[in-house]
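Student: Got a minute to go through this one with me? I'd like to start with the strands.

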Amino acid sequence: TKYVYWVEGLAEIPPEWSAIVGDAVHNARSALDHLAGDLVRASQKKPTDKTQFPIFYRPPTKKGQVVPVDIRPGVRADLRRELTELQPYSTDDPTQIKSPAEAKRHPLWVLHDLDIIDKHRELLVVARGVDLAGLWWARDSTTPAPLFWINPGPLKDGDEIARFDFRGTEAPNDFDPNLEIAV
């Protein structure tokens with residue numbers, strides 16, 4: 001009535017992945033900065049060494065008032081509106097702003113954050129975890145849903161990755177939680 005899963009035989013992640021992933025992250029961030037330069041030129045201005053693609057997890061303010069996102073030395077108003085809509089804190093509803101925690105999961109913020117990490121220390125590529133997208137099992141209406149725990153953290157060989165407890169009843173014959181490991 002209880003199932004416990006461990007991971008065995010995980011291959012080592014090659015140490016050079018750190019440099020390869022860091023390079024890919026920096027190239028993606030650099031491409032956005034090149035786009036920022038093009039947007040400044042499209043606004044009839046000249047990019048400077050301060051020109052970069054803006055990424056904010058909360059709205060920028062000036063004297064306590066929220067202001068549109070801009071690129072130094074400035075871009076057209078229509079481009080500022082577009083840049084504001086792309087920001088991690090933006091939502092489809094302009095009266096709502098995402099929480100900082102939610103905004104920090106936005107792909108642009110993750111890219112920004114990983115680039116900062118890579119610039120200031122080694123980007124460690126070690127996270128392996130249970131792929132929750134594939135987690136599923138069929139159950140009939142007579143079998144109670146199991147209590148379960150999934151290891152949310154990075155995994156290493158021998159780690160427990162999941163527990164399922166059917167509370168004293170047998171699991172359905174087709175019970176297969178489809179546990180897969182992802183990097």
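Student: Which residue stands opposite Ile-150 in S6?
Tutor: Ala-162. Keep in mind that this is a predicted model.

Student: How many bridges join S5 and S6, and in what sense do they pair?
Tutor: There are 4 bridges, and the pairing is antiparallel.

Student: What about S1 and S6, how many bridges there?
Tutor: S1 pairs with S6, residues 160-165, over 5 bridges. That pairing is antiparallel too.

Student: Which residues face each other along that pair? Start with Val-4.
Tutor: The bridge partner of Val-4 in S6 is Arg-163. Lys-2 stands opposite Asp-165 in S6.

Student: What is the strand order in the sheet, and is it open or closed?
Tutor: The order is S1-S6-S5, in an open sheet of 3 strands with antiparallel pairing.

Student: Which are the edge strands?
Tutor: S1, residues 2-6, and S5, residues 147-150. Each of them pairs on one side only.

Student: How far are neighbouring strands turned against each other on average?
Tutor: By 5°, with direction ignored.

Student: What holds strands of a sheet together in general?
Tutor: Strands pair through backbone hydrogen bonds, in a parallel or an antiparallel arrangement.

Student: Switching to helices. How many residues does H4 have, and how far does it reach?
Tutor: H4 covers residues 107-120, which is 14 residues. From first C-alpha to last, H4 reaches 20 Å. That is close to the 20 Å expected at 1.5 Å a residue.

Student: Which residues of H4 are buried?
Tutor: Leu-108, Trp-109, Leu-111, His-112 and Asp-115.

Student: Why do they line one face of the helix?
Tutor: Look down the axis of H4. The buried residues fall within an arc of 160°, so they line one face.

Student: What covers the buried residues of H4?
Tutor: The cover includes H1, residues 16-42, along with H2 and H3.

Student: New topic. Where does Ser-90 lie?
Tutor: In the loop between H2, residues 77-86, and H3, residues 100-103.

Student: Is Ser-90 buried or exposed?
Tutor: Buried. Its relative accessibility is 17%, and the cut-off for buried is under 20%.

Student: Which residues does Ser-90 touch, leaving out those up to four places away in sequence?
Tutor: Thr-84, Glu-85 and Lys-98.

Student: And what lies 2.5 Å from a polar atom of the Ser-90 side chain?
Tutor: The backbone oxygen of Thr-84.

Key: Residues are numbered from 1 along each chain as its sequence is written. This is a predicted model: local features need pLDDT of at least 70, side-chain atom pairs count only at pLDDT 80 or more; totals for chains, interfaces and linings use all residues. Side-chain values use heavy atoms; hydrogens and water are left out. Two strands pair if DSSP finds at least two bridges between them. Helices (H or I, at least four residues) and strands (E, at least two) are DSSP runs, numbered from the N terminus. Axes are lines fitted to C-alpha atoms, for helices over the stretch in contact, and angles run from 0 to 180 degrees between N-to-C directions. Buried means under 20% relative accessible area, exposed over 50%, partly exposed in between (1.4 Å probe, protein chains only). A polar contact is a pair of N or O atoms within 3.5 Å; within protein, one must be able to donate a hydrogen and the other to accept it, and residues adjacent in sequence count only if both atoms are side-chain atoms. Contact means heavy atoms within 4.5 Å. The expected span of a helix is 1.5 Å times one less than its number of residues. The arc is that of the directions from the helix axis to the C-beta atoms.
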